[in-house]
Amino acid sequence: MRNRYLDLLRFLAIVRVVVYHVTGLASLTLVFPAMSVMFALAGSLMAASLDRSGPAAVLRRLRRLLPSLWVLAAVFVPAMLLTGLPLTPRVLLWLFPVSDPPANGWGALALSPIWYLRDYLWFVFASPIALWLFRRAPLPTLLTPYVLLVVIESGIWPDAPGPFREFGLYFGAWMLGFAHHAGMLRRLANRVLVPAVLLLAAAGGAWILTHPGPRGFDLNDNHLGNALWSLAFILVVLGRGPSGAAWVDRNAVFGRVVTVLNRRALTIYLWHMPFVVGLTPLFDGVGWSHEDPRGLAIRVVLVFALVGVVTLAVGWVEDIAARRRPELLPGGRRTATRTGPPSSSTGNRVPAQRGAPESATAEVTAG
């Protein structure tokens with residue numbers, strides 16, 4: 001059956017991503033490190049998919065990710081070509097972003113979250129081998145990305161390419177998803193988990209305080225602090241979180257909103273930033289500044305409203321990619337609860353293997 005607790009985590013992450021990009025409040029990254037949480041949930045989903053389908057799960061993940069990107073590219077790539085983007089073979093990276101696709105000045109900012117899909121694709125490709133290694137040597141495999149990050153951030157390898165830093169930060173969270181799927185996080189005794197969480201949070205907090213970035217204590221400017229703080233956070237929310245959250249559906253409206261944001265996570269992620277960038281001059285021109293709470297609230301509401309419109313217009317592409325019946329507004333029909341192995345198209349069910357809860361349906365959100 002659906003694990004509504006994981007749906008709730010993803011819902012909170014989506015909302016946090018949009019609000020953060022609208023307001024720029026660095027404290028939001030500390031309160032809820034959404035990026036790492038989403039990579040952890042995606043890693044758990046990927047491990048479950050590999051258990052069900054083997055290497056074919058890689059192609060299924062690509063099938064679910066790329067169509068929504070192609071819809072975005074169909075709108076913005078011609079617009080960028082008409083406003084100065086050179087037409088080169090690298091433009092084809094908008095079809096399959098294994099590297100940063102090219103963008104012009106305004107497009108680079110409006111479409112900046114595309115890096116997340118680049119990392120996500122590489123993590124999907126690495127997952128069959130990584131899961132094989134993880135099953136044979138869990139702790140060394142899990143620690144490898146964090147060791148790589150320490151080597152880079154400590155100055156031993158200061159000129160490491162950016163993707164290596166992101167691998168060191170986020171692939172560790174992805175493999176925490178492997179551990180979540182295997183039930184390892186829940187099996188950790190309190191005498192191990194509590195000291196580990198406290199030590200990691202203290203180390204991460206100390207590093208953040210002593211190494212502020214250009215935006216202060218924003219986790220996005222501090223890879224090592226981000227990794228340590230997020231690791232502690234994930235151990236708590238996945239290792240000691242509830243096995244479900246049935247209360248989410250006690251209010252029909254809230255339950256529907258959670259479902260919609262989960263089913264349209266990728267669309268919301270891809271489209272919200274262009275609205276943030278495009279509307280900022282308007283917001284500033286009418287005096288809705290970042291220092292004015294009322295102005296910030298209006299900004300957030302307007303961006304969510306516009307994202308809602310575009311989600312109604314093109315969000316159904318996610319249904320087709322997942323081989324579901326297309327819906328303008330998902331979650332209108334109740335499905336009967338069942339047990340047993342999950343189907344590949346619904347994803348968010350309790351798997352038969354290892355008794356561990358699997359990740360939910362939505363593929364990607366971040367920010």
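**Close-up views of a predicted model**

**View 1. Here's what sits around helix α12.** The cover over the buried residues of α12 includes α1 (4-23), α13 (265-285) and α15 (316-321). Helices here are DSSP runs of H or I with at least four residues, numbered from the N terminus. Buried means under 20% relative accessible area, exposed over 50% and partly exposed in between, using a 1.4 Å probe and protein chains only. This is a predicted model, in which local features need pLDDT of at least 70 and side-chain atom pairs count only at pLDDT 80 or more, while totals for chains, interfaces and linings use all residues. Residues are numbered from 1 along each chain as its sequence is written, and side-chain values use heavy atoms, with hydrogens and water left out. So which residues of α12 are buried? They are G255, V258, T259, V260, L261, N262 and R263.

**View 2. Now check the length and the cap of α12.** The 12 residues of α12 (residues 252-263) should span 16 Å at 1.5 Å a residue, and the end C-alpha atoms are indeed 16 Å apart, so the two agree. The expected span is 1.5 Å times one less than the number of residues. At the N-terminal end of α12, N251 acts as a cap, with a side-chain oxygen 3.0 Å from the backbone nitrogen of V253.

**View 3. R4 is tucked away in helix α1.** R4 counts as buried because its relative accessibility is 6%. Its side chain makes a polar contact of 2.7 Å with the side chain of D7, and another of 2.9 Å with the side chain of D249. A polar contact is a pair of N or O atoms within 3.5 Å; within protein, one must be able to donate a hydrogen and the other to accept it, and residues adjacent in sequence count only if both atoms are side-chain atoms. Setting aside neighbours within four places in sequence, R4 is in contact (heavy atoms within 4.5 Å) with A245, V248, D249, G255, V258 and T259. Three of those names, G255, V258 and T259, are also among the buried residues of α12.

**View 4. Helix α3 is mostly covered.** Of the 20 residues in α3, 17 are buried. From first C-alpha to last, α3 (residues 34-53) reaches 28 Å, close to the 28 Å expected at 1.5 Å a residue. Right after α3 comes G54, with a positive phi near 70°.

**View 5. A cavity sits beside α3.** The structure holds 6 cavities of 30 Å³ or more, and the second largest has a volume of about 50 Å³. Of its 12 lining residues, R16, P33, M35, N220 and N226 are the closest to its centre. Two elements, α3 and α11 (223-239), give two or more residues to this lining, and α3 has the largest share, with 3 residues. A cavity is a set of points on a 1 Å grid over the protein atoms alone, where a 1.4 Å probe fits but cannot get out; lining residues have an atom within 4 Å of a point. Points are joined across faces, edges and corners, and the volume is the space filled by probe spheres set on them.

**View 6. R323 has an unusual backbone angle for a non-glycine.** Most residues other than glycine have a negative phi. R323 isn't a glycine, yet its phi is positive, about 60°. You'll find R323 in the segment after α15. Is R323 buried or exposed? R323 counts as exposed because its relative accessibility is 63%.

Key:
1 Å grid on protein atoms, 1.4 Å probe; cavity = no way out; pocket = protein on both sides within 12 Å on 5 of 7 lines; lining within 4 Å.
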